[in-house]
Amino acid sequence: MKGSRALTYVLALALVFSLTACDDNGGGMDDDDDDNGDEPTLLSDILGERDDLSTLFDAVEASGQLNLTEDPNADITVFAPNNNSFADINLEAALSDDNSALLEEVVQYHVLPQSVLSSGLSEGTVETALGDEILITTDDDGNFLVNGNSITTADLEADNGVLHVIDGLLLENRTLLQHLGLTSSTQALLGIASEASLGDAFSNAENWTVFAPINEALVEVDPANFTQEQLQQILQYHVIVDENGPIDAATLQTLLADNGGEVSVQTLQGEDITFTETDSGISINDGQANIVLEGGVDRFAGGLNEAGDGFVNVFHLIDGLLMPPSMQPTEATPIADAREQGVGTEVTIEGTVTRAFGDFARIQDDSGDLGASGMVIRQTEGDFNAEIADGTITEGTTVLVTGTISEFNGLFQINEDDLASYEITGEASVPEPITITLTELANNGLDYESVLVRINGLTLNTEDTEFSNGASYTAVDGDGNEGVFRVQQEGETQLIGEPVPSGSFDYEGVIGQFQGEPQMIPVEVSDIIQE
């Protein structure tokens, strides 16, 4: 700051921006009034008499430094934010001991080290008491703007300086991290940035446009549900970096106008976000979020750019969380439709596990003409296999599976490396088996492939007393109809070495096939039900 008297005054304003906003009714004093007789009119008098600066006055008074604002030897210009300017300020953060140095710098950024009437203002940059520069521009009517904020009342003169009331708090020289931290509506976002360890990135940002979700948009977002890498991906998806500078509202509106009302832009995360012009404003990703127009859409940070005609960064408040397409829940294709798409098709299906043992799980949903449709999921090594082994994936587990359909001797499956990803989505009741006969199995058995069924009144035509590894048996019903009862290889079934039922039993298990022949494929000992 230039001059010791100016410094004295600036320090007097150390808590200027700290109290809850009051009504802004524009009340004040006339420049020529002197209610103190021969006493000088001081900046403290103006602060105390104008209702629209009551927050400012109360802050200085609460700081215990009001007497310093009465220094008649000061000669400064104060751009004084009115009460409405504090509506979205995080006062708790501003007043914390940790931010005392930051608050002092914020105050000094509102002060010029010399008295300048509005008639002495001109477009361009001017150095503040802090040493940083503010940008003076004019609107279409020729009215002066301070960092884009209007001067609502100009030239409130005092014997120790002049005060201009403005309609915004000047935080443009703060880093993105600091500006977001001083904004009440972005506190939840700051918490996520902290969990993602991106504080330094936001502090050192350059040419960033940030679409910042407000607190209400993040109420149901628990950072604990994501890895740090996922949180970083999500936050980076809210950032556009452009070497030509940040995208302010005017630039975004121009882009929309030039592209028929819709434009897609690549994010720092690498995937695109799409902006659409609507009757009520600007929508992002087909309504995933909207830019919050109330309170202005441009919030600058990072100081002036090298050209001195704009600011390094900008953020816009939005009313929703943007999720990268690669992280969005994938809508599952009904298993019946997936089977129709056939071998070589990558699909995402969701179903309930009916049988899981060894390297195999059978899942089914309620699609298809039978009211059910199923698929085999096979993995000999990997997480899916391990979670079958430890019981995490078991009967009743619901899973979302993405992979490419293949076949083995006609049996549709998602096999080994074709299993691209899976997610356990919950627990459900095991579907009720569909009761069929051996005649239906013979005639339409492939319709029941990988579906849980029940076939009653069977006997096995064999002299074996124990089930053998990889053996096929003939099952017969009371009418003499036959069907294949196949005991699979070791690691695919629990039946190897178990006793063969000597009498009638019911089968409750899944159906497989081998080269077009439907087969009963028992997995668990309990698939054989005897009275």
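This is a dialogue on reading strands, salt bridges, burial and surface charge in a predicted model.

Visitor: Where should I begin with the strands, and which strands pair with β20?

Guide: Since the model is predicted, we read pairing from its computed bridges. Strand β20, residues 411-427, has strand β18, residues 373-378, as a parallel partner through three bridges, while strand β19, residues 397-408, pairs with β20 in the antiparallel sense over eleven bridges. For a residue-level view of each pairing, look at Ile377, which stands opposite Ile414 in β20, and at Val401, which faces Tyr422 of β20.

Visitor: How many residues lie between β19 and β20 in their hairpin, and which residue in the turn has a positive phi?

Guide: Two residues separate β19 from β20 in this hairpin, and Asn409 in the turn has a positive phi of about 50°. A second hairpin is formed by β14 and β15, with six residues between the strands and with Gly308 in the turn at a positive phi of about 75°. Here strand β15, residues 311-318, runs antiparallel to β14 and is joined to it by four bridges, and Ala301 stands opposite Asn313 in β15.

Visitor: Is strand β14 mostly covered or mostly open?

Guide: Strand β14, residues 299-304, is mostly covered, five of its six residues being buried. Burial can also be followed at a single position: Gln364, in strand β17, residues 360-365, counts as buried because its relative accessible area is 3%, which is under the 20% limit. The C-alpha atoms of Gln364 and Val451 are 6.4 Å apart in space, although 87 residues separate the two in sequence.

Visitor: How many salt bridges are there, and which side chains meet in them?

Guide: A salt bridge is read here from a side-chain nitrogen of Lys or Arg lying within 4 Å of a carboxyl oxygen of Asp or Glu, and the count comes to ten. One of them joins the side chains of Arg50 and Asp52, with an N to O distance of 2.9 Å. Arg50 is classed as buried because its relative accessible area is 4%, and Asp52 is likewise buried, at 2%.

Visitor: Which salt bridges link distant parts of the chain?

Guide: Take first Asp527 and Arg355, whose side chains meet at 2.9 Å, N to O. This pair links parts of the chain 172 residues apart, with Asp527 in the loop between β26 (517-521) and β27 (528-529) and Arg355 in strand β16, residues 346-357. Both Asp527 and Arg355 are buried, and they belong to a network of salt bridges that also includes Glu395 and Glu524. Another such pair is Glu508 with Arg454, the closest N and O atoms being 2.8 Å apart. That pair links distant parts of the chain too, 54 residues apart, since Glu508 belongs to strand β25, residues 505-514, and Arg454 to strand β22, residues 452-460.

Visitor: Turning to the surface, which residues form a negative patch, and is Glu340 buried or exposed?

Guide: The negative surface patch is formed by Asp337, Glu340, Asp369 and Asp447. Within that group, Glu340 is found in helix α11, residues 335-341, and it is called exposed because its relative accessible area is 69%, over the 50% limit.

Definitions and conventions: Residues numbered from 1 in each chain as written. Predicted model: local features only at pLDDT ≥ 70, side-chain atom pairs only at ≥ 80, totals over all residues. Heavy atoms only, no water. Patch = residues over 30% accessible without salt bridge, like charges linked within 9 Å, V, L, I, M, F, W, Y side chains within 5 Å. Areas by Shrake-Rupley, 256 points an atom, 1.4 Å probe, with all protein chains shown as cover. Lys, Arg positive; Asp, Glu negative; His and termini not counted. Charge placed at Lys NZ, Arg CZ, Asp CG, Glu CD. Buried < 20%, exposed > 50% of the residue type's maximum accessible area, 1.4 Å probe, protein only. Pairing = 2+ DSSP bridges.
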